[in-house]
Amino acid sequence: MDKISFFPVGNGDSVLMEVDELTIMTDIHYRAKSEDEDEDDYYPFRDDLKKACKKGNEYRLGYFVSTHPDKDHVLGFETVFHTGEPDKYKSADDTILIEEIWVSPYGADPNYSTNESEALTKEIKRRKKLQGTTKANEAGNRLRILSLGDSENSDGTIGDYLTWVLLAPTDEEADIEDSGDEESPNSCNDSSLVIRWEYKNGSKAEYILLGGDAGYEVWERIRDDFSDEELEWSVLLAPHHCSRCSLQYKNDDDEYIDADDAISALSNVHGKGFVVSSSKKVKKDEDRPPAWEAKQKYLKILKDADEDNHKDRFLNPQIYGDKEKPRPVIFNLSNKGLVLDRSKKSNAKSSSYVRAASTPATYGSQ
Amino acid sequence: MTISLWTENANPQLLASCSQSLREECAYIAAHHNVVPDSIELFENDNFELVRMLVRFGELNTPDEKRLINPEPIVLIYTKGKAGQEAPRIFSERKDFPRNLPHLNPVEDIFPSSICLDRAGKQALYDAQGITGTIGRLASWFEDTEAGQSQHDGWEPTPRGMGIVSVSLNIGAMQRFVSKLTKTSGTTYGKCALLYDKKTQNFNDLIFLLTENNIKGLSRDKKRFSLAKDYYQPYEDMHCIRDIPVVCIWASDDDIVAFHQSTLINSPDTLRRYAQEIGVDERLKYFENSILPTAKVDIGTKSLILLILAQRRPKPLIRDIPSDACGHDRSIELIPLALKISSGRSPEIEKVHQCDMVAETTNSLLGQMSGITKYVDIATIVGCGAVGSAIASQLGRLGAKHITLVDSDMFLPHNVSRHLLGQEAIGYKKSRFLKLTLERQLPVKIASKICKFQELDKTEKKKIKNNGLIIDCTAELSFTQFAYGNNDLPKLLKTEVAYEGRLGILAVEGEGHNPCIQDIKACLYKSAVTNSVIEKWLASHEQLNSASTGQNCSSSTMIMPNYVVNAHVSCFMPKIHQVIAKQVESSGFGINILNEDKFPIGWEWFDIPEFQLFVSESSNGNWDVRIHPEVLAELDKLSSQYAPIEAGGFLYGTYDRVNRTICIVHQIVPETANHKTTSITLPAAGYTIAEVEWLRKTAGLLPLLGTWHSHVNQSSKPSHKDKQRMADAAAANVDTPIPFVVLITGNDGININVVLPKNW
């Protein structure tokens, strides 16, 4: 079954598409369980990812799309994925080999790297060095740098059912000025890859809009450059973990004002529409993102598209499970179109259909 | 939204006070991922137990059908005490549930919509996948309906058969005949034959025959009732035959109805209303007022007329309908109705009965069809479906002196494609006609029992015990379940033809029913680990392989040609002969594999040893835990290997809650278990490659059923820690309601505990 999964990772993105035996992961925010964390509050999506990527005795991810190299989009890269030459990949290492990496021009050559982004940056550099050689086309070495300024790398198809169109960044957006100070670098949010995916199996087309952390100026520019039809989405990943900065700007008095064109760019709902907030639970407090105000904007967009149960179509994987526990938000894709898995919110992490053995258990003579 | 029908006629029931079988069924329902938590309510009346619940399904982004709500309220109706064995009927609980969708069974207006989940019938689905699979299919039904994809290969006629009165006709010829005439509505007249059993003169099982020749003889708008007599000659020997008037009323192309009509047509009023819906009410009035007095033919105390309503649909009927009509002609839907007419000078329609419509035995139908055992309930030394009749014939030719045939079914036209009997048997009970045929052909004495095996009386069962063995050729679980542990029954053999005919399976029980059929079946599933054909078969289990035999989606059979049946029976026979002749004492299973083109790959036999039987007491009765001796040997070896630290792992197999049995056929020690001298910590199940591979290859049919661990140099009695884990398991398995085994090996042997979900 083709599907797209939004994993519960708190404020961060980890989105997996599985289509026709192809796997495409957009960003990663994988953290180990902390000692004081309750078992039920932590979702080890690595197991789901490995299951999706299993090819014979190996684990292979078809594409890793890195929207931008911020911590909340790259965390755990080194733990989950193989880095270095593909010849040295061993499934016994418990890692997954990425056949092809997609990045923006900024992601291919960032101004700085952090502890979290270092492994990815190094891997990209390794692959970049190979470009122009025959090795660059081998699975495990492939690298694609996407930019609106490069017509060869701004749209395409993957397999029989998926097409994609790049909406951002332009060369200008991807050109982040170096602050010269690693301690306070300039934000690279606006260099995010913004991609609209189209899934079409039969007569029904569905659209998935993934835009990293792109801010309101990028969305305003997108509004200018693309038609309503080109911006339609069935599922929208609320940019920047449901932050206000993709929908509003601050005026001179430090007040948030609606960026109407940005909101318009994000308001083209196809069908009933679903918005996924890959973030902590959205609360009406100062701990942003996610912003309660942004959620209200998305709810209005959903309500305008279809009033019925519109609040139930704003989804947050972090609280999607039973008793607001983390659970992936999964949409199945088929010739029926896009179908949200509304089955009971079990948090069972094991593929084994037996709850009695779904957590470690100690037996013994004493 | 909620209608009062259920509550008016049934009393609310508490889970704690309902039958054990329903309580267990409810545990599965409550744990189902498509059932809304805490939405289950129970009711009962004298005959039925009702489960009301909310079923949630996937939410479509772009639904075509917008009248469904999510979740949908559903009522399951069980015959009292039969949950777990008999499939429930499935109704919407909404008065305003749309009644014009595909795959709805016709019901009277006072009932809410009844949902049809599988062309192979609800019992076949329930037998194969239980209530869990049934509810899963229901959720898919809603999703498909919302997506407008429940009729992906054509117009799905509403299933109208009631299983008692059948009409055999050349569907394609009738569709072509009507299709030419639909510029305006109209009426034709003619005659068909009515067959019924000469011996019993039984009017309950009737079959109307309307062949292509008779269709040609239909006269339009002239009250001429004629019949091509020669056509029913083959039936004359054994049937009562009467000429019966047939009237066909069709709607004009201006009245194409593009929605389904699930109203039950079972009375003059509902007939008139349906006629109005399709625009032939004036034609029907004329028929009632002017035709009835001349058309009526008395048969005994009855007067019958066959009425066929015909209407054009917006697209051709689904491919499964066995009609050779194409394109425009194929879009004609036919609804046959048997009308009982009152006697007297002004005859009126007294009763209306919807008929099963089955395709006439034509060459093309025979080409399409294969074995017939899908709905045949056979429990006997030899069953009477395609396989059963072939085995009966083979046994007779081997020199068997006495055979008892048990089968309650009637022989229908489509059976001809794969059965030993031919079309002369149509309308007869299979077991009786097979008896007559074989006794004519062979020097064999045959007793024929027209009932289910379970319904035989004690004397008859005793006779069967003395006959030496039973060959179960049914496709149903009920006989196997009935036979389990029944020491009044002799050794049991079970045949199965599966996987689109590619697999012939023969299971042979051991002495004293050990290994039993359930043990053998678990071992057969386990062979998927090494046999890719078995693996593929198990992976395809979700789809029941069937084809319609008439226009009703409720009448279907497996697809395979007769030579496939013969190929498998030919391979079964040497083993059956060995067992009968007591040449070997082996128990186990044999598989005969054909390739995709149905060429033989080969027969292979697998011996299965006696299972070791443990009885575990539980809060609601004893459970038999049956363990493959190889598993026990492995546990023993591993316990020694790991000593002085404790060993442990997971156990896999099958279970049957009707008979309270668990069969364990496999164990896995997870690599990440933490072994210590007085304890072992097992990790969460389902993550190691060995576990994932096991569940994948066996398609989840041999699920995890418990854990085992060793007590080194100590008693196998559960420790305080073990008891705590068992309590945890009982609570946790409320979400996954299956029995959970905790097996402990110690210096005094093996201790087995069956932990049941807390809410059983």
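So, let's start with a strand pairing that crosses between the two chains. Strand β19 of chain A, residues 361-363, pairs with β33(B), and the two run in the antiparallel sense over 3 bridges. If you want one spot to look at, find Tyr363(A), which stands opposite Ile680(B) in β33(B). Keep in mind that what we're looking at is a predicted model.

Okay, stepping back to the whole interface. How many residues of chain B are in contact with chain A? It's 55 residues of chain B, and they meet 38 residues of chain A. Together the chains bury about 4,100 Å², with 52% of that on carbon and sulfur atoms. On the chain B side, Glu59(B), Asn61(B) and Tyr687(B) lose the most area to chain A; those three together make up 20% of what that side buries.

Now the polar side of things. We count 26 residue pairs in polar contact between chain B and chain A, both partners at pLDDT 80 or more. Which parts of chain B do the touching? Several elements give two or more residues, among them α2 (20-31), β4 (59-60), α3 (122-146) and our strand from before, β33 (680-682). The largest share, 5 residues, comes from α18(B). By type, that side of chain B divides into 24 nonpolar, 20 polar and 11 charged residues.

And the salt bridges: there are 5 between chain B and chain A. One to pull up on screen is between the side chains of Lys336(A) and Asp144(B), at 2.8 Å from N to O.

Key: Residues numbered from 1 in each chain as written. Chains lettered and ligands numbered in written order. Predicted model: local features only at pLDDT ≥ 70, side-chain atom pairs only at ≥ 80, totals over all residues. Heavy atoms only, no water. Contact = heavy atoms within 4.5 Å. Buried area = accessible area lost by both parts, 1.4 Å probe. Salt bridge = Lys/Arg side-chain N within 4 Å of Asp/Glu carboxyl O. Polar contact = N/O pair within 3.5 Å; in protein donor to acceptor, adjacent residues only side chain to side chain. Helix = DSSP H or I, 4+ residues; strand = E, 2+ residues; numbered from the N terminus. Nonpolar A, V, L, I, M, F, W, Y, C, P; charged D, E, K, R; others polar. Pairing = 2+ DSSP bridges.
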